[in-house]
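Visitor: Hello, could you walk me through this structure? I would like to learn how its parts fit together.

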Amino acid sequence: MAECGSATLESTLTAGRSIAVALGGGGARGLAHLGVLEVLEAEGIRPAFLSGTSMGGLVAAMWATSSSADDIIAAARRFRFPGRFMPGRVVVWEKIFPSAAALLRGKTFEDLPTQLVVSAVDLMTGEEIALHSGPLLPAVRATCAVPGVFAPEQIGTHCLVDGGVTNMLPVDLAWACDPDIVIAVNIVASPPPTLRLNSAYGRAATALGKVVPNPMTAYLAYEIAMRAVEIALDRQRAMAVAMTGPEVLIDIDLSHVSVSDFDRLDEIVEAGRQATRLGLSRLREALTTQVAGGDRSSAGARLHIDPVCRMTVSPSRARAVFERGGETYYFCSLSCRDTFALHGDRYVTANSTRAPILRIR
């Protein structure tokens, strides 16, 4: 753990520095973000910008209201997942997060003291939708709308589901304010498989499902699907970190925690605190480097879309640039640039040109 003495990071290094924090998804595991933000605030660091996906979006929204850490943690104690979830049942968001609904209802993004963007996905088009204006509660419901658990959220013409479908750790959206430092919080969660495929229950459910549809087989199929999704999200999260390269990455190992373990709040939040304290030395180093390097000359630059992977890219952080037909394209990686150079016609469409993150009012 880095010792900072009596001076906080704010008083020594962060004055005048723009800091953004990206919070990923993870169900109940995402409550660890509360411990992260609590320690940052204790060090005098109040981010200028927050980006979040799924549970990270919910925590970011609650924190952006400038409620105290104690009040937000108290609200999180009322989060509860149904004791027995049956596939085919649609869970009502407000019944899982009643205290969050009460805190966020009636507020807009424009009301928040801290800038916020949350990620969702249009179920019809597959496009990522970055929500950062208008009513707050529908946007948070959208970023948390896990397919198969919550109903999609209809906002305008968009039918939205959980942002983790395409962007489990939205570091790229944290670039929206072109910050000096991006702190990304990565929930490391690769729990050992708990599938009962070879148990008596699993064999019976499989056999019964070959004869007639039934709840027993449906639940086993749901468990298999969720395990497959978890594997895919772990891979996506790792790729996001590799491609975006946040200045500070805080890893929180919660592989022993289930996505529905909201009753383990204290343990989860403490894991976030401990991981952040261990990361303070890296944050100090990153801030020192930025101070030595001076201010970013492209602050306020317009965001672009990588036409290959559809990731949001800040020009100042792009890993590669390519000129084509009088247009400049920005890329998250050399691989995306090389793919575009070979197959540009495949990716140059009406919605692949330069654009800011999307607004929904």
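Here is a short conversation about strands, cores, a helix and some aromatic rings.

Visitor: Before we start, what kind of model is this?
Guide: Good thing to ask at the outset. What you see is a predicted model.

Visitor: Let's begin with strand β3. Which strands run antiparallel to β3?
Guide: Strand β3 covers residues 115-122, and seven of its eight residues are buried. Five bridges join β3 to β2 (residues 49-53), but that pair runs parallel. Four bridges join β3 to residues 128-131 in an antiparallel pairing, and three more antiparallel bridges reach residues 158-162. The antiparallel partners are therefore β4 and β6.

Visitor: Which residue stands opposite valine 121 of β3?
Guide: Each pairing can be followed through facing residues. On the β2 side, glycine 52 stands opposite valine 118, and on the β4 side serine 119 faces alanine 130. Toward β6, the residue opposite valine 121 is valine 161.

Visitor: Which glycine in the turn between β3 and β4 has a positive phi?
Guide: β3 and β4 form a hairpin, with five residues between the two strands. In that turn, a positive phi of about 80° belongs to glycine 126.

Visitor: On to the interior: which helix gives the largest share of the largest nonpolar core?
Guide: This core has 71 residues, and Leu34, Leu58, Trp93, Phe97, Leu116, Leu131 and Ile252 have the most contacts inside it. Nine of the core residues come from one helix, residues 265-293, and that largest share belongs to α11.

Visitor: And how many residues are in the second core?
Guide: The second core is separate from the one we just discussed. Among its members are Val117, Val241, Phe331 and Phe340, and its size is 24 residues.

Visitor: Is aspartate 180 buried or exposed?
Guide: Aspartate 180 is found in the loop between α8 and β7. A polar atom of its side chain lies 2.8 Å from the backbone nitrogen of serine 18. The relative accessibility of aspartate 180 is 6%, and the cut-off for burial is under 20%. Aspartate 180 therefore counts as buried.

Visitor: Why do the buried residues of α4 line one face of the helix?
Guide: The buried residues of α4 (residues 69-76) are Ala69, Ile72, Ile73, Ala75 and Ala76. An α-helix has 3.6 residues a turn, so residues three or four places apart point the same way. The face turned away from the buried side carries the exposed residues Asp70 and Asp71. Seen down the axis, the buried residues line one face because they fall within an arc of 155°.

Visitor: How are the rings of phenylalanine 322 and phenylalanine 340 arranged?
Guide: Phenylalanine 322 sits in β11 and phenylalanine 340 in α12, 18 residues apart. Phenylalanine 322 is partly exposed at 25% relative accessible area, whereas phenylalanine 340 is buried at 1%. Their ring centres are 5.8 Å apart and the planes meet at 80°, so the pair is edge-to-face.

Visitor: What is the angle between the planes of tyrosine 329 and phenylalanine 340?
Guide: Tyrosine 329 lies in β12 and phenylalanine 340 in α12, so their pair ties together parts that are eleven residues apart in sequence. Both tyrosine 329 and phenylalanine 340 are buried. The rings lie 4.8 Å centre to centre in a tilted pair, and the angle between the planes is 45°.

Conventions:
Residues are numbered from 1 along each chain as its sequence is written. This is a predicted model: local features need pLDDT of at least 70, side-chain atom pairs count only at pLDDT 80 or more; totals for chains, interfaces and linings use all residues. Side-chain values use heavy atoms; hydrogens and water are left out. Buried means under 20% relative accessible area, exposed over 50%, partly exposed in between (1.4 Å probe, protein chains only). A nonpolar core is a set of buried Ala, Val, Leu, Ile, Met, Phe, Trp, Tyr and Cys residues joined through side-chain atoms within 4.5 Å. A polar contact is a pair of N or O atoms within 3.5 Å; within protein, one must be able to donate a hydrogen and the other to accept it, and residues adjacent in sequence count only if both atoms are side-chain atoms. The arc is that of the directions from the helix axis to the C-beta atoms. Rings of Phe, Tyr and Trp (its six-membered ring) pair if their centres lie within 6.5 Å; planes under 30 degrees apart count as stacked, over 60 as edge-to-face and the rest as tilted.
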